[in-house]
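The following exercises are to be worked with the sequence and the coordinates at hand. Each task is followed by a solution in steps.

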Amino acid sequence: MTMPGVADVLGPQGPLRDVIASRLDTIPYQQHQYDDSHQLEIGVGIEASGLSILPWSEENILSNSPLILVRDVITDTFDPLWEDGTFHSIIADAMSGSDMHSRIKMPRFWLPVSDVAEAIRIMVIENKLPAPSQPLLMTGRRPWWPEAVYAEAAHLWNRYSASVEGTHDLSTLEEPPLTPLPRGHGNIARPNLDHIDRHMRNCGEPHGWRPSGSLRLAIMRVFANLHE
């Protein structure tokens, strides 16, 4: 007999919802704590009674339930509910050797989907969801300019291609070159992560909000899906 999970994950099908649901399924089921009628209802892309996970926007979002806002998330395949295609477009251009689209100019605070799912799993285990009146913003800590993402992706793609073709040389084996920061890089508006940092410390994370997902690994996972 298959035990029900601790959470009922609702919302449109897509890579973000799938990763969150899969991560929550790893929480051990405890009969004395959960049963079918007391599953935590989580909405991914929609509001739900237990926890709502919605895309961040510059407009204030109000919710009657605990709320997490996700910004600049990276999924393996493009998910139009959560992103505008910028990251996948940069990777596709790097793979083809094309110039980046001219509209891609501003830095983004990229956050691998695995970090979103793991943080939510920790909150559910600790039974410490955000207060309905205090939504949590989840996003990366480091600003990534598009030129830097492109350079990283181009280097990784050249290294992968050289491995497949057996044509490695010094340029494919060394680390990617540093990309100069654009003028005015110190003046960009950074997201306020104090709230999510305090919340994760309250959940027992000694370093607070410190996403551990690798951008390099995220790029390579996008490679795998674009190259199929």
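A residue counts as buried if its relative accessible area is under 20%. The model examined here is predicted.

**Exercise 1.** Determine whether Phe87 and Trp110 are buried or exposed, and classify the geometry of their ring pair.

*Solution.*
1. Phe87 has a relative accessible area of 0%, so Phe87 is buried.
2. For Trp110 the value is 5%, and Trp110 is therefore buried.
3. The ring centres are 5.0 Å apart and the planes enclose 70 degrees. Planes over 60 degrees apart count as edge-to-face, and the pair of Phe87 and Trp110 is edge-to-face.
4. Phe87 belongs to helix 2 (residues 86–96), while Trp110 sits in the loop between helix 2 and strand 6 (111–112); the pair therefore ties together parts that are 23 residues apart in sequence.

**Exercise 2.** Carry out the ring analysis for Trp157 and Phe223, and state which parts the pair ties together.

*Solution.*
1. The centres of the two rings lie 5.1 Å apart with the planes at 65 degrees, so this pair is edge-to-face.
2. Trp157 is located in helix 4 (residues 146–165) and Phe223 in helix 7, so the pair ties together parts 66 residues apart in sequence.
3. Both Trp157 and Phe223 are buried.

**Exercise 3.** Check the length of helix 7 against the expected span, and establish where its buried residues lie around the axis.

*Solution.*
1. Helix 7 covers residues 215–226, which is 12 residues; at 1.5 Å a residue it should span 16 Å. The C-alpha atoms at its ends are 16 Å apart, in agreement.
2. Its buried residues are Leu215, Ala218, Ile219, Val222 and Phe223.
3. Viewed down the axis, these buried residues fall within an arc of 150 degrees, so they line one face of helix 7.
4. In general, an α-helix has 3.6 residues a turn, so residues three or four places apart point the same way.
5. At the start of helix 7, a side-chain oxygen of Ser214 comes to within 3.2 Å of the backbone nitrogen of Arg216.

**Exercise 4.** Identify which element gives the most to the largest nonpolar core, and list the contacts of Ile20 beyond its sequence neighbours.

*Solution.*
1. The largest nonpolar core has 37 residues; Ile20, Leu24, Ile42, Ile53, Ile68, Ile120 and Met138 touch the most other members.
2. Helix 3 gives the most to this core, namely eight residues.
3. With neighbours within four places in sequence set aside, Ile20 is in contact with Val44, Ile53, Val116, Ala117 and Ile120.
4. Another core, of 20 residues, lies apart from the largest one and includes Ile74, Ile91, Ala94 and Val149.

Technical notes: Residues numbered from 1 in each chain as written. Predicted model: local features only at pLDDT ≥ 70, side-chain atom pairs only at ≥ 80, totals over all residues. Heavy atoms only, no water. Core = buried A, V, L, I, M, F, W, Y, C linked by side-chain atoms within 4.5 Å. Buried < 20%, exposed > 50% of the residue type's maximum accessible area, 1.4 Å probe, protein only. Helix = DSSP H or I, 4+ residues; strand = E, 2+ residues; numbered from the N terminus. Contact = heavy atoms within 4.5 Å. Expected span 1.5 Å × (residues − 1). Arc of directions from axis to C-beta. Polar contact = N/O pair within 3.5 Å; in protein donor to acceptor, adjacent residues only side chain to side chain. Phe/Tyr/Trp six-rings, centres within 6.5 Å; stacked < 30°, edge-to-face > 60°.
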